[in-house]
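Trainee: Could you take me through one part of this model up close, and then show me how it sits in the rest of the protein? I'd like the packing and the polar contacts, please.

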Amino acid sequence: MAPPSQRSASPSQPSGKGEVADVKSQLRQLAGSRAPGTDDSKRDLFKKVISYMTVGIDVSSLFSEMVMCSATSDIVLKKMCYLYVGNYAKYNPDLALLTINFLQRDCKDEDPMIRGLALRSLCTLRVPNLVEYLVGPLGSGLKDGSSYVRMVASVGVLKLYHISASTCVDADFPAILKHLMLHDQDAQVVANCLFSLQEIWSLEASTSEEASREREALLSKPVIYYFLNRIKDFNEWAQCIILEMVSKYVPPDSNEIFDIMNLLEDRLQHANGAVVLATIKLFLQLTLDMTDVHQQVYERIKAPLLTQVSSGSPEQSFAVLSHLHLLVMRAPMLFSTDYKHFYCLYNEPFYVKKLKLEMLTAVANESNTYEIVTELCEYAANVDIPMARESIRAVGKIALQQYDVNAIVDRLLQFLEMEKDHVTAETLVLVKDLLRKYPQWSHNCIAVVGNISSKNIQEPKARAALIWMLGEYAHDMQDAPYVLESLVENWENEISAEVRLHLLTSVMKCFFSRPPETQQVLGAALAAGVADFHQDVHDRALFYYRLLQHKVSVAEAVVNPPKQAVSAFADTQSSEIKDRIFDEFNSLSVVYQKPSYMFTDKEYRGPFAFSEELGNLSIGAEGAETIVSSQRVEANDKDLLLSASEKEDKGVSNNGSAYNAPADDGSLSLAPSGVQSDLVSLELPSQTSSGIDDLLGLGLSVASTPPAPALKLNAKAVLDPNTFQQKWRQLSVSISEEASISQQGVAALTNLQSLLHHMQGHSIQCIASGGQSPNFKLFFFAQKSEEPSLFLVECIINSSSCKAQLKIKADDESSSKAFSKVFQSALSSYGMS
């Protein structure tokens, strides 16, 4: 906490210690005063102290004065004093001793509100040494005549249990809570007792048989019906707890199932969405083994869910829509007539609209496809570009479901005539997928696609789709070889490795169908591909080259074999995962669309909850003073951003880049440096048996590794971590692409420090790193050698796929491509030496 003297003066906070001392003296003067208006003066001073505390100023020196001034019947002063005491007592246990007497005294006050507030403050101290002072007030509070005090005491027992479980159990508080739960007339007291007992007995069940029996007794028929018959008396929070408890109860027969559902029928009309979802979850679970009744439950819950979607905040609508989407995926036919409820409203946020588009896609069938596609086509012309993209994708998904394909293909081809870059890009990707499933539509599609200039398509996926069609249907597209030739001529300007890979394959396919026109183009493409700095592009070009050397007919059989239409595209989620999500209905699993273990277990969510931006990463204070040139990763769940000084303290050296192979325990290890078994290391033969060099026009000796890029970087570049965060937020992404890492590099990632040293050898510094196999995330920066222009890089490495996702931001975007080549060249060579 910064001292007050380091803060700038403002009306709401002191400019130095003198003002805190002034407040202290005024409080001391008012402590024993009984003059009229004293309480008003105390209020003003208490408000000032609370405001100081809120902005982070240390006012713990006023502790004794605040306690002395709390000797009043003014409940507002009491509340502010309790807030102050609760804030400082847990950090200063010694100061907490000063509060015991006056809190215990207030626990016996005539006013039940003060008794409750004092008891709550006493329980929130959470100081183990003061546990003995809690037992008496809690015992009295549980027997208090005021329901408010009993309500506070019932939750206070749970707080005591978390401080000292043995003290709580020895005082027999669980038994008292059970008695209150079953006999108290106040519904909120009963609900708090149930909540506390559920948690206490769940934690105690592993060590105590009695607690295990008590937990099972909560799910007995008399207790369940006791709560169900009183459920209308409880507030929404308590009703959700009761419904969650009832969902764990297993009725012995169908008659009891119907009794429970009849008791809770009116809960489906509740105004609170949480109560409605909890009731729906219970109904679905009770009828899971009753197929006919289960279908009737779907029909019954439609209206309440649709009502909740249309009423309430966008956040509530999204949560309810997520649950409705899960039900739609399980029973789309039941919701097919209600598709108009999923039409998007102009004032809805994008995340709600996107979910509605997914639901429209799911409920589409033969009877409603025309209306749904018509609506989606209207969205495609939306000025909101993300919305337009999602609507076009939705149209494509419906077409892939074999509903009204003829009309949908015509609509998609009309999109290509809209001359909007984002619309054209998304449509090209969808047309490619449609042609894979419906090859019979190739003539109609190619006639329109052939009129699109590749120069007008900037997005990598769209360019890749167009290039795929040029190669796949080269025999139908008259200008295909010449369009491919222009693309090969601009090879060096093509940023995306995906596009270059597609270009290689398409040129090969075009060569097999139209050899004379494509001969020179293929030679140039293979030469450029073999010299490419991207490992995948280099390997594929070398592979194609050697296939052609072996036999052209074999190459054609490998690269362009006869194809069958795709019957179905792979689902992103297995049925097992969908069932698991359904079992966790009315939880975050439905909103995240993944089972809970995937975002709670470290194995699945990774060691870091990485954000899209560096702004959410925490950088230590020392990092602002020292340049962070390398990082160390530990096997824990903390994002480490070590400065150079911290690194030296921990004994991490910057010198030397030798790789220490792991022990022989089944982990990966590097091969000896003299062994070169990778395709990249193999030289092209100088002579060929079939004269393929002349056929392809390759009159040059092709090296197996690309030359180093020309961009020069400053080897001693420095950057303050705070400046890095600021610039990362300000700059836009100039390049976003995928890079490859060799198998040797993946093996070397067991020691992440070696990667940081390797990149430093290429004048690229790491400012933040973290992760463990298979996911690593690193932030790099570099600087031009003769000017202050900076490059910032976010690099997410997946060692299982040997891929790295790169985001590059630059002060000078015109040099981003050159820097990307430098970075990928350095990354691809990692582990090769």
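**A close look at the core and its surroundings**

Mentor: Let's begin with something that's missing: there are zero disulfides in this structure. Keep in mind that the model is predicted. Take Cys69 as an example: its sulfur has its closest cysteine sulfur in Cys81, 8.5 Å away, and that is too far for a bond, given that a disulfide needs the two sulfurs within 2.5 Å. Cys69 has a relative accessible area of 0%, so it counts as buried. Cys802 is buried too, because its relative accessible area of 12% is under the 20% cut-off.

Now for the overall frame. The protein has 833 residues, and 49% of them count as buried. Its secondary structure is made of 40 helices and five strands. Among contacts with a separation of 6 or more, 67% are between residues 24 or more positions apart. On the outside, the accessible surface is about 39400 Å², and carbon and sulfur atoms hold 50% of that.

On to the part you asked about. The largest nonpolar core counts 204 residues, and Tyr84 and Leu428 have the most contacts inside it. Helix H27, residues 497-513, is the top contributor to this core, giving 10 residues. Look at Leu428 and you'll find it touching Leu416, Val449, Ile452, Ile457, Ala462, Ala465, Leu466 and Met469, with residues up to four places away in sequence not counted. Apart from that core lies another one, of 32 residues, including Leu756, Phe780, Ala810 and Val822.

Val822 is worth a stop while we're here. You'll find Val822 in helix H40, residues 816-828, and at 10% relative accessibility it counts as buried. Val822 and Lys712 are separated by 110 residues in sequence, yet their C-alpha atoms are 9.0 Å apart in space.

Back to H27, and to what follows it. Arg514 sits in the loop between H27 and helix H28 (515-530). With a relative accessibility of 13%, Arg514 is buried, since the cut-off is 20%. The Arg514 side chain makes a polar contact of 2.9 Å with the side chain of Glu517. If you set aside neighbours within four places in sequence, Arg514 is in contact with Ala474, His475, Met477, Gln478, Ala480 and Pro481.

His270 is another loop residue to look at, placed between helix H15 (254-263) and helix H16 (273-286). His270 is buried as well, at a relative accessible area of 16%. A polar atom of the His270 side chain is 2.9 Å from the backbone nitrogen of Asn272. Not counting residues up to four places away in sequence, His270 touches Glu236, Gln239, Val275, Val276 and Gln308.

Let's finish on a helix, H11. H11 runs over residues 187-204, and at 1.5 Å a residue its 18 residues should span 26 Å; the end C-alpha atoms are 25 Å apart, so the two values agree. H11 is mostly covered, with 13 of its 18 residues buried. At the start of H11, Asp186 has a side-chain oxygen that comes within 3.0 Å of the backbone nitrogen of Gln188.

Key: Residues numbered from 1 in each chain as written. Predicted model: local features only at pLDDT ≥ 70, side-chain atom pairs only at ≥ 80, totals over all residues. Heavy atoms only, no water. Core = buried A, V, L, I, M, F, W, Y, C linked by side-chain atoms within 4.5 Å. Buried < 20%, exposed > 50% of the residue type's maximum accessible area, 1.4 Å probe, protein only. Helix = DSSP H or I, 4+ residues; strand = E, 2+ residues; numbered from the N terminus. Contact = heavy atoms within 4.5 Å. Expected span 1.5 Å × (residues − 1). Polar contact = N/O pair within 3.5 Å; in protein donor to acceptor, adjacent residues only side chain to side chain. Areas by Shrake-Rupley, 256 points an atom, 1.4 Å probe, with all protein chains shown as cover.
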